[in-house]
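The exercises below concern the arrangement of strands and helices in one chain. Please work through each task with the sequence and coordinates at hand before reading its solution.

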Amino acid sequence: MADDSKSIKKKDKNPLDRVLVLEMVRVTECAAMAASHLIGRGDEKAADAAAVEGMRDALNGLKMNGTVVIGEGERDEAPMLYIGEKVGRQKKKDPAIDIALDPLEGTTITAKAGPNALAVLAIAEEGGLLNAPDTYMDKIAIGGGYPEGIVSLENSVTENIEALAKAKGVKPNEIIACVLDRPRHEAIIAELRSLGCGIKLIPDGDVAGVIATTDPDTTIDIYMGQGGAPEGVLAAAALRCVGGQMQGRLVFRNDDEKRRAAKWGIEDLGRVYTLTEMAKGDVIFAATGVTDGSLLEGVKFRKGGLITTESVVMRASSGTVRYVKSTHRREPGPTCNN
């Protein structure tokens with residue numbers, strides 16, 4: 001018989017304790033509310049800068065030794081939350097936490113008041129998240145309930161669609177794929193069209209696109225295409241919590257990007273990363289809607305100076321998914337005390 005006391009003791013030592021679950025929601029709320037003031041104003045940089053400062057301020061109030069391993073850049077360039085930046089109280093007794101973040105996933109969306117802009121964050125124990133450089137990544141993802149390895153970046157679009165359709169018990173032309181609307185995806189889109197697949201083209205926000213494969217209400221079966229590597233790791237963290245399959249392969253456009261990869265310990269430049277290689281161990285994922293979308297409602301300004309937000313927070317170790325609707329009684333100032 002298993003020793004339950006050892007199991008409980010081990011669980012108690014998990015640095016990602018329950019307190020941090022709700023704290024992560026507060027962090028993404030701060031970033032979302034800060035960015036919401038710039039919705040539809042046409043200024044992507046200002047919206048991103050506001051979200052960054054809101055998130056940084058909230059992170060620095062937490063009891064942890066946080067290190068940004070997936071951020072908005074690789075050097076200390078204001079206003080970025082850069083890779084390697086230390087956040088949290090940085091006290092010896094506090095846990096060491098790796099952080100992947102995108103304070104505003106969908107800067108263009110926010111500037112144009114489009115759908116699916118999010119403030120996104122994932123945390124793991126030290127060493128739990130792929131320390132990917134700020135490059136592109138080839139991605140493929142499906143929701144849960146399928147045999148492991150049914151899709152792969154090593155297969156063609158047609159092979160992946162046919163395998164997924166067979167596992168789902170439908171014809172290939174009944175599969176719906178989500179793809180970023182970019183010129184680089186013309187070949188993928190053409191092959192999907194030749195199979196008769198439905199295609200959900202999104203202007204931005206591929207974290208939400210990947211997560212959509214896990215929700216039957218979206219009708220999206222598969223995500224495929226090339227997007228940012230940081231967003232790939234964030235999406236992997238979410239899938240670790242809710243179930244699904246994903247692969248990622250870093251794409252390097254020049255020697256400078258290859259040198260940056262070497263700096264972060266990446267030697268096999270053509271490696272295909274599995275879901276658990278991008279996000280392993282216990283993981284917490286949190287997101288707050290900035291604008292309305294398929295995953296979450298956006299920030300709303302109500303009468304009497306009230307602000308409402310909707311967030312989701314997930315945890316890999318428990319498989320728990322919580323949706324959090326919050327009412328904030330005053331607008332956050334330079335310091336977000338929500």
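**Exercise 1.** How many bridges join strand S6 to strand S8, and do the two strands run parallel or antiparallel?

*Solution.* In this predicted model, strand S6 (residues 176–180) and strand S8 (residues 222–228) run parallel and are joined by two bridges. Within this pairing, alanine 177 of S6 is found opposite isoleucine 222 in S8.

**Exercise 2.** Determine the strand order of the open sheet, and explain which strands stand at its edges.

*Solution.* The sheet is built from six strands, whose order is S7-S6-S8-S5-S9-S10 and whose pairing is mixed. Strand S7 (198–202) and strand S10 (272–274) each have a single partner strand, so these two stand at the edges, with one side of each left without a neighbour in the sheet. On average, and with direction ignored, neighbouring strands are turned by 20 degrees against each other.

**Exercise 3.** Which strands does helix H6 touch, and which does helix H8 touch?

*Solution.* Helix H6 (residues 186–194) packs on the sheet by touching S6, S7 and S8, and its direction makes about 155 degrees with that of S7. Helix H8 (residues 229–242) also packs on the sheet, where it touches strand S5 (136–142), S8 and strand S9 (245–251), and its direction makes about 25 degrees with that of S5.

**Exercise 4.** Classify the crossing of helix H5 with H6.

*Solution.* The axes of H5 (residues 157–168) and H6 come within 9 Å and cross at roughly 45 degrees; the two helices are therefore oblique to each other. The crossing is right-handed, and the contact is made by Val157, Thr158 and Ile161 of H5 with Ile188, Glu191 and Leu192 of H6. These contact residues divide into four nonpolar, one polar and one charged.

Methods:
Residues are numbered from 1 along each chain as its sequence is written. This is a predicted model: local features need pLDDT of at least 70, side-chain atom pairs count only at pLDDT 80 or more; totals for chains, interfaces and linings use all residues. Side-chain values use heavy atoms; hydrogens and water are left out. Two strands pair if DSSP finds at least two bridges between them. Helices (H or I, at least four residues) and strands (E, at least two) are DSSP runs, numbered from the N terminus. Axes are lines fitted to C-alpha atoms, for helices over the stretch in contact, and angles run from 0 to 180 degrees between N-to-C directions. Contact means heavy atoms within 4.5 Å. Angles under 35 degrees count as roughly parallel, over 145 as roughly antiparallel, 65 to 115 as roughly perpendicular and the rest as oblique. A crossing is left-handed if the near helix is turned anticlockwise from the far one by less than a right angle, and right-handed if clockwise. Ala, Val, Leu, Ile, Met, Phe, Trp, Tyr, Cys and Pro count as nonpolar, Asp, Glu, Lys and Arg as charged, and the others, Gly among them, as polar.
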